[in-house]
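Colleague: I am new to this structure. Could you show me how to read its features?

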Amino acid sequence: MALIKKFGKPDLFITMTCNPNWPETLHELRPGEEANDRPDLTSRVFNMKLNALFKDLLQNGVLGTVMADIHVVEWQKRGLPHGHILIILRNQDKLRDNSDYDRIVCAELPDKSTHLELYNIVTSRMLHGPCGALHPSYPCMVNGACSKSYPKTF
Ligand SMILES: [Zn+2]
């Protein structure tokens, strides 16, 4: 509340989630271990990547000059950390219209022909399925139906 009183409302709410398949984690696992077996390891790798994100946000100003920030790291039920970050930008970098938001947020699949690595990351981490009759052994499937109620209507 003191930050908001001094700098104004937050402009960005960023969530960063630990990826159990980050190479830095997989490289250090012992045979038979999974990332959620090693909170000592996942927390170190997550912290290293969170600090890299902070460097981009706070020092390099990739989304604008940051006047104030606050964050919290929590552990999900499956044992992996994720961080929530609030960012308050300087007045001239605040997001005011659709073109400002379009400059920093994209909710479209990356172009596979020009950004293959990004396309693979987004489609492997941000999409559900395919599940259902075509993939009855998909992890979400319970008693022949998707436990997350996919597919959903538009
Ligand atoms: Zn499903």
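Modeller: Start with the residue classes. Ala, Val, Leu, Ile, Met, Phe, Trp, Tyr, Cys and Pro count as nonpolar. Asp, Glu, Lys and Arg count as charged, and the others, Gly among them, as polar. By that scheme, the lining of the second largest pocket has five nonpolar, three polar and two charged residues. Bear in mind that this is a predicted model.

Colleague: Which residues line the second largest pocket?

Modeller: The lining consists of Ser124, Arg125, Met126, Leu127, His128, Gly129, Tyr138, Pro139, Cys140 and Lys148. The space in this pocket is about 380 Å³.

Colleague: How is empty space found in general, and how much lies in the largest pocket?

Modeller: Rolling a probe the size of a water molecule over the atoms shows where empty space is left. Here the largest pocket holds about 1400 Å³ of space. It has 32 lining residues, and those closest to its centre are Thr15, Leu118, Ile121, Val122 and Met126. Four elements give two or more residues to this lining: E1, helix H3 (39-59), helix H4 (98-104) and H5. By class, the lining of the largest pocket has 22 nonpolar, five polar and five charged residues.

Colleague: Now the metal. Which residues coordinate the zinc ion?

Modeller: His128 does so through NE2, and Cys131, Cys140 and Cys146 through SG. These contacts span 2.0 to 2.4 Å. Along the chain, the donors are spaced as H-x2-C-x8-C-x5-C.

Colleague: Why does the pair of His128 and Cys140 tie together parts of the chain?

Modeller: His128 and Cys140 both lie in the loop between helix H5 (116-125) and strand E4 (141-142), so the pair ties together parts that are 12 residues apart in sequence.

Colleague: What is the geometry of the zinc site?

Modeller: First the ideal. Four tetrahedral donors would make angles of 109.5 degrees at a metal. In this model, the angles among the four donor atoms of the zinc ion are 106 to 114°. The site is tetrahedral.

Colleague: Are His128 and Cys140 buried or exposed?

Modeller: Use a cut-off. Buried means under 20% relative accessible area, and exposed means over 50%. His128 has 30%, so His128 is partly exposed. Cys140 has 5%, so Cys140 is buried.

Colleague: Where does Phe54 lie, and is Phe54 buried or exposed?

Modeller: Phe54 lies in helix H3. Its relative accessible area is 12%, so Phe54 is buried. Asp69 is 15 residues apart from Phe54 along the chain, and their C-alpha atoms are separated by 9.8 Å.

Colleague: Let us turn to the strands. How many bridges join E1 to E3, and how many join E2 to E3?

Modeller: Six bridges join strand E1 (residues 12-17) to E3, and the two run antiparallel. Ile14 stands opposite Ile85 in E3, and Met16 stands opposite Gly83. Strand E2 (residues 66-75) is joined to E3 by nine bridges, also antiparallel. There Val73 stands opposite Gly83. E2 and E3 form a hairpin, with five residues between them. In its turn, Gly79 has a positive phi of about 90°.

Colleague: Which side chains of E1 are buried?

Modeller: The side chains of E1 alternate. Leu12, Ile14 and Met16 point to one face and are buried. Phe13, Thr15 and Thr17 point to the other face and are not buried.

Colleague: How many residues of E3 are buried?

Modeller: Eight of the nine residues in strand E3 (residues 81-89) are buried, so the strand counts as mostly covered.

Key:
Residues are numbered from 1 along each chain as its sequence is written. This is a predicted model: local features need pLDDT of at least 70, side-chain atom pairs count only at pLDDT 80 or more; totals for chains, interfaces and linings use all residues. Side-chain values use heavy atoms; hydrogens and water are left out. Donors are N, O and S atoms within 2.8 Å of the metal (3.2 Å for Na, K and Ca); water is not among the atoms, so sites may look incomplete. Four donors count as tetrahedral if all angles lie between 85 and 135 degrees; four count as square planar and six as octahedral if opposite donors are over 155 degrees apart and all others between 65 and 115; anything else is irregular. Buried means under 20% relative accessible area, exposed over 50%, partly exposed in between (1.4 Å probe, protein chains only). Two strands pair if DSSP finds at least two bridges between them. On a 1 Å grid over the protein atoms alone, a cavity is a set of points where a 1.4 Å probe fits but cannot get out, and a pocket is an open set with protein on both sides within 12 Å along at least five of seven lines; lining residues have an atom within 4 Å of a point. Grid points are joined across faces, edges and corners, and a volume is the space filled by probe spheres set on the points.
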